[in-house]
Amino acid sequence: MQVPMAKIHVLGHRRRLDDVLEHLYETGSVQLIDVTQDASLHLPPLSLDEEHVRQIEQLRYLRARLDAALALAPLPALPARADVDLAKIEAELDADTPQIERLAHQLDDLGAELDTLPRYVASLKRLLPLVPELPDLAGYEVVALLIDVAHQGVIGDLNAEMEELIGSNFTILSDRVDAQTIGAVLVFPRKQSARVQDLLGHERVTRVRLPDRFAGMPFQQAISAMERRLMEVPAELDATRHELQRLIGTHIDWPAARVHLDARIAQLEAVGHLGATPHTFVLSGWMPRRGVATLRSDLARKLGGEVIVEEVAPAPSETPPVLLSNPPPARPFEFLVRLLSLPRYGALDPTILMTIFLPLFFGMMLGDVAYGLILLALVAWVRRRFRHRSRVIADLGHVLMLSAAWATVWGVVYAEFFGDLGHRWFGWEPLWINREEAIEPLLVFTIAVGAAHVILGLLLGVWGAARSQDRRLLTQRIAMLVALSGLFLIVAVAAGQLPAGFVSPGVAGLIVGLVLLVAAEGALGLVTGPLELIGTVGNILSYLRIGAIGIASVYLARVANELGATGPLWLGIIIAALFHALNVALGAFSPTIQSLRLHYVEFFSKFYEEGGREYEPFGNGSTATSSRQ
Amino acid sequence: MEVGLLAIGAGLAVGLGAIATGYAQGRIGSAGIGAIAEKPELTGRVILLIAIPETLVILGFAVAAMIIILLGG
C-alpha cells in the first residue's frame with residue numbers, strides 16, 4: 001500500500017530556523033522541496049551568510065580529518081550525541097594527527113615494500129646470469145636495463161653511442177628475459193657515470209633503479225638483502241597497525257562526533273533549499289499525511305507558537321514522492337517491486353498481491369516435500385547468518401522461505417518426496433494430481449491459474465483506469481475482459497464442458513470485445529486490437545511454464561532415483577544425492593525467476609502504473625534532498 | 001512408427017523453440033548485462049527483457065504436449 005503524502009509549508013521566525021531543522025533531521029519525516037522548484041512559492045532562496053558558509057567549511061574539514069583517521073583504524077559506530085564537544089575533538093585531532101600521519105606513512109611504505117620487493121627480486125634474478133663474473137668490479141659501475149622487444153634495435157644504437165662517448169672501455173651484455181622483455185647489463189668506468197647516465201636518459205630503455213636502501217650493492221648481494229627484508233616487513237606492518245589502532249582507539253567518542261557532524265552539516269546545507277522573507281523562513285516539503293498533526297504539535301510544544309506548520313494543496317505539476325507501507329510479512333516483497341520500478345504516486349502498490357501469488361506459483365512448480373524442507377532449512381540458515389550484512393539477503397531469504405513453505409504444501413498435494421520416493425517407500429498417494437502421469441489435467445490447471453491471474457490483473461486495471469478517469473484505457477480493459485469471456489465460453493464448449501448453446505453468447509462476446517478494442521485504439525486499432533487479444537491469450541498460455549517446470553523437476557528426481565537404484569548401495573546413494581542436490585539448486589533458482597517473470601510480464605502489464613519517485617526524507621541517516629518535479 | 005514420428009514432432013516443437021529462445025536470450029542478455037554495468041537500477045527491467053523470449057519455448061512445449069496428448073492417445 002502507498003502512504004498518502006501531504007505537501008507542507010513550515011513558516012517561522014529566522015531565529016527558530018536551527019531548532020526546526022534539528023527537529024526535522026532527528027525525526028527524518030520530511031522530504032525537502034527546493035524553494036526554487038516549489039510552484040506555489042514565489043520567494044527568493046534563503047541565502048547563506050558568510051558565517052554559515054564558514055561554519056560549513058570548517059565542519060566539512062573536521063569531518064574529512066575524522067574520516068581519514070577512522071579509515072585507518074575503524075572504531076565501533078556509536079549513536080549521535082547532542083553533547084559532542086567539537087572543539088575537544090579538534091584539539092585531539094591537532095595533537096594526534098602528526099603521529100597518526102607518521103604511522104600512516106610508515107604503513108604505506110611497508111605496504112609498498114611488500115608489493116615491490118618481490119618484483120625487484122624477480123627482475124634481478126633474471127638479469128643475474130648476464131652479470132660478468134669478473135674478479136673485481138671496483139672502479140666500475142653496473143647498470144641493469146630492461147628493453148621492450150619491440151625496441152631491440154636500441155642495444156645496437158646504445159653500443160655505437162657509448163663507443164662514441166667513452167671509447168671501447170665498456171661492456172653491454174643482453175639476453176631475452178621473457179616474451180616481452182630484453183634484459184641488458186651495462187658495465188663502464190665509474191668516472192664516466194654522469195655522461196652515461198645522461199645518455200641513458202635519452203634512450204628508450206627502462207633502468208632498473210633499486211630502492212635507496214639497496215642502491216650500489218652488487219646484484220647477488222642485493223637479492224639476498226631484499227629477501228631478508230621481505231621476511232622482516234610483515235612483523236613491522238603488524239606492529240605499526242597495532243600502534244595506530246591503540247592510538248586511535250583511545251578516542252572512543254570520535255564515531256559519535258562523526259555522526260553529529262553529518263547532522264550539523266546536513267542541517268546547515270538544508271538552509272539553502274529554504275525560502276526567505278526579511279524576517280522569516282519558509283520550508284517546503286513532502287511528508288506522510290498521518291504525520292502532519294504530530295509534527296505540528298511537536299513543534300508547538302518545543303518552540304511555542306513561533307513556528308507554523310500548514311498543509312497546502314500541491315500544484316497539478318507537482319507529484320508527491322512514493323512511500324510504500326505494507327504489513328511485516330509483505331515488506332520484503334517491496335524489494336521485488338522496486339527491482340522493476342516504483343508505482344506512480346496514487347497507483348496500486350502490487351506488493352501484497354506479489355506476497356500472495358509469487359510463493360504460491362513457486363510452490364506449484366517445485367512441489368516436493370523433501371525439496372521444500374531442505375530449501376527452507378538452507379535459506380533459514382543463510383538468512384540467520386547473513387541478514388545483518390545485507391538487506392537484500394534478508395528480504396530475498398524471507399521470500400524464499402515463504403516459497404519453500406508453499407513448495408512443501410504442494411509436495412503433499414502431489415505426494416512427492418524426492419520425486420516418487422514418497423510413493424515407493426511410504427505408499428503415499430496424491431491428494432489431487434499425480435504430476436508424473438496426469439500431465440493433461442496439470443496443464444489445464446496451470447492455464448486456468450493463468451486465466452484467473454490475468455483476469456485479476458485486468459480487473460485491477462479497470463479499477464485503476466476508472467480511478468484515474470482514463471476512458472480509453474478503461475474501454476480497452478473492459479473490451480479485453482468481454483472478448484476473453486467470449487473466448488473462454490467457446491473453448492469450454494469445444495472441450496465439452498458446456499452445452500453447445502453457449503457458442504452463440506461466446507462468439508457474440510468475442511466480437512463485441514474485439515470491436516470495442518478496435519474502437520478504443522483508434523485508427524491503428526484494426527491491427528493492434530486483435531494483436532492485443534492474441535498477446536493476452538499468449539500471456540495466459542505462458543502460465544504453462546508452471547506445469548512444464550514442475551514436470552521437468554519430477555522427471556529429474558525420478559532419474560536420480562532410478563540411477564540411485566542401480567549398482568552398489570553406497571554408489572547409488574552418492575549418485576542420487578548429487579542429482580537431488582542439482583535438482584534442489586535448480587529448484588531454488590528457476591521457479592523464482594519464472595514466478596517473477598509471470599508477475600512482471602504477464603500480470604503487471606494489465607494494471608501496473610510505474611514511474612514513482614522514492615521518498616527520501618531529510619535526516620535520519622539520509623542527506624538533504626530536493627524534490628525536482 | 002507413427003508413435004516415433006509423433007515423438008520426433010513433439011521433440012522438434014520444444015527443441016526449435018528452445019534454440020530460438022536461447023538465441024534471443026543470448027543477444028538480449030549480453031546487451032542487458034552491458035546496460036546493468038552502466039546503470040544497476042535497470043536490473044529488474046533487464047530480467048524482464050531476458051524473460052520475454054521464453055514464451056517461444058513455452059508455446060513449443062504447449063504444441064508438444066498437444067501432439068502427445070491429443071494425437072498420441
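**Two chains and the contact between them**

Chain A has 19 helices and 9 strands as its secondary structure. Before I go on, please keep in mind that this is a predicted model.

I'll stay with chain A for a moment. Its 629 residues would give a radius of gyration near 25 Å if they formed a compact globule, but the value for chain A is 37 Å. Along the principal axes, the C-alpha atoms of chain A fill a box of roughly 115 × 90 × 55 Å. As for burial, 33% of the 629 residues count as buried. Of the contacts in chain A with a separation of 6 or more, 76% are between residues 24 or more positions apart.

Now chain B. There are 3 helices and 0 strands here, and the order from the N terminus is α-α-α. Chain B has 73 residues; a compact globule of that many would have a radius of gyration near 11 Å, whereas chain B has 17 Å. The box for the C-alpha atoms of chain B is roughly 55 × 15 × 10 Å, again taken along the principal axes. Buried residues come to 23% of chain B. If you take the contacts in chain B with a separation of 6 or more, residues 24 or more positions apart account for 75% of them.

Next, the contact between the chains. How many residues does each chain put in? Chain A contributes 16 residues and chain B contributes 14 residues. On the chain A side, the elements that give two or more residues are α9 (334–340), α14 (439–467), α17 (525–541), α18 (544–564) and α19 (569–603). Which of them gives the most? That is α19(A), with 4 residues. By class, the side of chain A that touches chain B has 10 nonpolar, 3 polar and 3 charged residues.

One helix pair across this contact can be described in more detail. The axes of α18(A) and α3(B), the latter covering residues 54–71, come within 10 Å of each other and cross at roughly 75°. Angles of 65 to 115 degrees count as roughly perpendicular, so α18(A) is roughly perpendicular to α3(B).

Which residues meet there? From α18(A) we have A:Leu544, A:Arg545 and A:Ala548, and from α3(B) we have B:Ile58, B:Phe61 and B:Ala62. Sorted by class, the contact of α18(A) with α3(B) has 5 nonpolar residues, 1 charged residue and no polar ones. The charged one is A:Arg545.

That is the end of my part.

Terms used:
Residues are numbered from 1 along each chain as its sequence is written. Chains are lettered from A and ligands numbered from 1 in the order in which they are written. This is a predicted model: local features need pLDDT of at least 70, side-chain atom pairs count only at pLDDT 80 or more; totals for chains, interfaces and linings use all residues. Two residues are in contact if their C-beta atoms, placed from the backbone, lie within 7 Å. The radius of gyration is taken over C-alpha atoms; the globule rule is 2.2 Å times the number of residues to the power 0.38. A residue is buried if 20 or more other C-beta atoms lie within 10 Å of its own, exposed if 12 or fewer, and partly exposed in between; C-beta atoms are placed from the backbone. Axes are lines fitted to C-alpha atoms, for helices over the stretch in contact, and angles run from 0 to 180 degrees between N-to-C directions. Angles under 35 degrees count as roughly parallel, over 145 as roughly antiparallel, 65 to 115 as roughly perpendicular and the rest as oblique.
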